[in-house]
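Colleague: I would like a close look at a single part of this model, with its surroundings described afterwards. Please take one helix and go through it with care.

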Amino acid sequence: MQNIMKSILSFVIIGLFLLAAMASFGPDDSTNTTVAISNCQSKPHVDGAILVKIHYTDKMGTPIPNITGSIFLTEQKVNPDTTCTFTSLTYSADVATDAFGDFISSGYNYSFDNSEDLWRVEVNMPQTAFYTACKEVKVFKYGGDNIITFNCVVKRLNEL
Amino acid sequence: MKNRIAVVLLSILCLLDGTLIYSIARAPNLYLNQLVHRIFSDELISRLQSIFQNVHLPGWLIYSLPDALWMLALTLLILLVWNFRLNRISILWMCIAIISGVLIECLQAFHLIRGTFDPVDLAFIFVGAFIPISISILNVKSCKTS
């Protein structure tokens, strides 16, 4: 009897931990680096370059210059078979906003031939002495706009 | 009894540390972080982030250490339920716990669940499971010899 109670308790503990593990995933279908894909379809080949733009302002719309941080990019390319699996490459770069609170990256070349070929872009601008952090994720897919714009509207820490 | 309370406290500490790393260093749109932001105020999270703003946290600490801490807590709690005795049923539950943790990582390798398979994560999960189990085995051995 005691063993049955202990087994039930063990089952509940493992279940709770599995729930916690699932909670570490995000609603944008992505975790730290990749995006879940499905329904892969071949498409005409397209090449180009993506640009990452960051516009950093406070909630009054005033641009915030000299904010530093990082961008993390993941290039996901669907493998040329029918299984909808993919290969990914990751890149990162340091960023800093200019006097107008803007940052524009150099172009990252993309080559798409599947509906699920994509680039995931994550902006990570840590909190400064005066402003809150900005962390956002956007995904550029086949047929999407190659300019990925992040409008970071942050709060002053003394207003929290 | 004191030992049992210490194990519970250690498990809670491991869980909180893992969650703290997520709150400080991971994207706020993760379900876990959304939950943390709901429970605690944005101000508290911002304060915590400001403490670490000038500290360069290595990748293994941000992405792998929480897995190890959670696995450590899970293994400790399962051992606690079975009074740190290793018998056929307790070992079975320990195996289920470890396989669950490993499976979540391995399924990512085949893109069956979201996320990216990382062998470093897997290594940390094994270390998290190994520490309490080895202590338990040593404890059993010392009891036998004394």
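Modeller: In this predicted model, a good place to begin is helix α1 of chain B, which covers residues 2–25. At 1.5 Å a residue, its 24 residues should span 34 Å, and because the C-alpha atoms at its two ends are 34 Å apart, the expected span and the modelled one agree. Within α1(B), the buried residues are B:Ser11, B:Cys14, B:Gly18, B:Thr19, B:Ser23 and B:Ile24, where buried requires 20 or more other C-beta atoms within 10 Å of the residue's own. The elements that cover these buried residues of α1(B) include α2 (31–39), α3 and α5 of chain B.

Two of those covering helices deserve a word on confidence, since they mark the two ends of the range in chain B: helix α3 (residues 42–51) has the lowest mean pLDDT, at 76, whereas helix α5 (residues 65–81) has the highest, at 93. For chain B as a whole, the mean pLDDT is 83, and 88% of the residues reach 70 or more, while the model itself scores ipTM 0.82 and pTM 0.60.

To set α1(B) in its chain, chain B has 7 helices and 0 strands, so that from the N terminus on its elements read α-α-α-α-α-α-α. Of the 146 residues in chain B, 29% count as buried. When contacts in chain B between residues at least 6 apart in sequence are considered, 69% of them join residues at least 24 apart.

Key
Residues numbered from 1 in each chain as written. Chains lettered and ligands numbered in written order. Predicted model: local features only at pLDDT ≥ 70, side-chain atom pairs only at ≥ 80, totals over all residues. Helix = DSSP H or I, 4+ residues; strand = E, 2+ residues; numbered from the N terminus. Buried ≥ 20, exposed ≤ 12 C-beta atoms within 10 Å, placed from the backbone. Contact = placed C-beta atoms within 7 Å. pLDDT = per-residue confidence, 0-100. Expected span 1.5 Å × (residues − 1).
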